[in-house]
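Q: Could we go through this chain together, beginning with its overall make-up?
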Amino acid sequence: MADIKKWRHFWKRIRINWKVKYDLIILNENTHEESINFRLSPRNIFVAVTVSAVVLIALTAVIIAFTPLRYYIPGYTTPNERKKYEAMATEMKDLQSKYSKNEQYMANMSKLLNEDFKDTLGPAPENTEAISDGNALADAAEVSESEMSLREEAGDLLKTVSARQSNDAVAVSARADIQNLFLQPPTTGTIITAYSVPQNQYGIDVANQLGTLVTSAADGMVIYSGYDVYDGNVIIVQHHDNVLTIYKNNSQLLKNKGAKVSAGEPIARMGHSGITDKGNHLHFELWHNGFPLNPLDYITLK
């Protein structure tokens, strides 16, 4: 109770003296003549100090925000540095976007090679067909020794590609030394998109009319023939020396899985079955030992 009484007495004295006026007089020391006279009160002093503090803070903020003095304050940057930071931030966003697309592509590639697609991807288009050619190895009564070797080679390569897809980025080898394998153009037309790993373009896009024949680039065996909601009708051919060729966006597939094909043999027809705005075209990819290669290093389109 004593403390409460003290506080009440203190505030009572402040209220009483709040408006009491005092004279502040400055005298000349020699003549004792009054030089300056200020009439003050606690209220006037409080208002003056408060206004002065607000004005000082505002003035300091203006100086820091609109004059070169801000560059000497930690945390502020020069205009050039700010532009560099913004450019770096934009570049980082682009790299993150490319990395995400790369991860999605490799995951899609792994699913495609391992046939892990679900029905939720969507039904195949009505014009999707796979014409049996009578040469399917699955229907053959006997499998030759060379065909068995090719199947084993395809299985090993699928394991390699699946393992590589877990890496942080797609590793790109130099021009591969592909032995005893001569590739020929898979189709005719105009190249509308070139091979570019930085742009997540792991093959080339060749445009032509709807239904243009797509042929096998070399002798080999079909290890996948089916539909993907992103890439459309896809067919993958395994060749010797751990080489894969991939043909995407077809309107029609002409070979089943397990079919043995020769170089130049029709395997599909060009179309626009995938999610793309490039029109009728073939997306052609060349892989060696699980790494993408530039197809134009090995073939010349007519």
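The exchange below covers the basis of the model, the chain as a whole, helix 1 and the pairing of strand 10.

Q: What kind of model is this, and which pLDDT do local features need?
A: This is a predicted model, in which local features need pLDDT of at least 70 and side-chain atom pairs count only at pLDDT 80 or more, while totals for chains, interfaces and linings use all residues. Residues are numbered from 1 along each chain as its sequence is written, and side-chain values use heavy atoms, with hydrogens and water left out.

Q: How many helices and strands does the chain have?
A: The chain has four helices and 12 strands; these are DSSP runs numbered from the N terminus, helices being H or I of at least four residues and strands E of at least two.

Q: What share of the residues is buried?
A: Of the 302 residues, 33% are buried, meaning under 20% relative accessible area with a 1.4 Å probe, protein chains only.

Q: Is helix 1 buried or in the open?
A: Helix 1 lies largely in the open, because zero of its 16 residues are buried.

Q: And what span should helix 1 have?
A: At 1.5 Å a residue, helix 1 (residues 2-17) should span 22 Å, which agrees with the 23 Å between its end C-alpha atoms. The expected span is 1.5 Å times one less than the number of residues.

Q: Turning to strands, which ones pair with strand 10 (residues 266-270)?
A: Among them are strand 5 (residues 213-215), antiparallel over three bridges, and strand 8 (residues 243-253), also antiparallel over three bridges. Pairing requires that DSSP finds at least two bridges between the strands.

Q: Which residues are bridge partners there?
A: Thr-215 has Pro-266 as its bridge partner, and Gln-252 has Arg-269.

Terms used. Buried means under 20% relative accessible area, exposed over 50%, partly exposed in between (1.4 Å probe, protein chains only).
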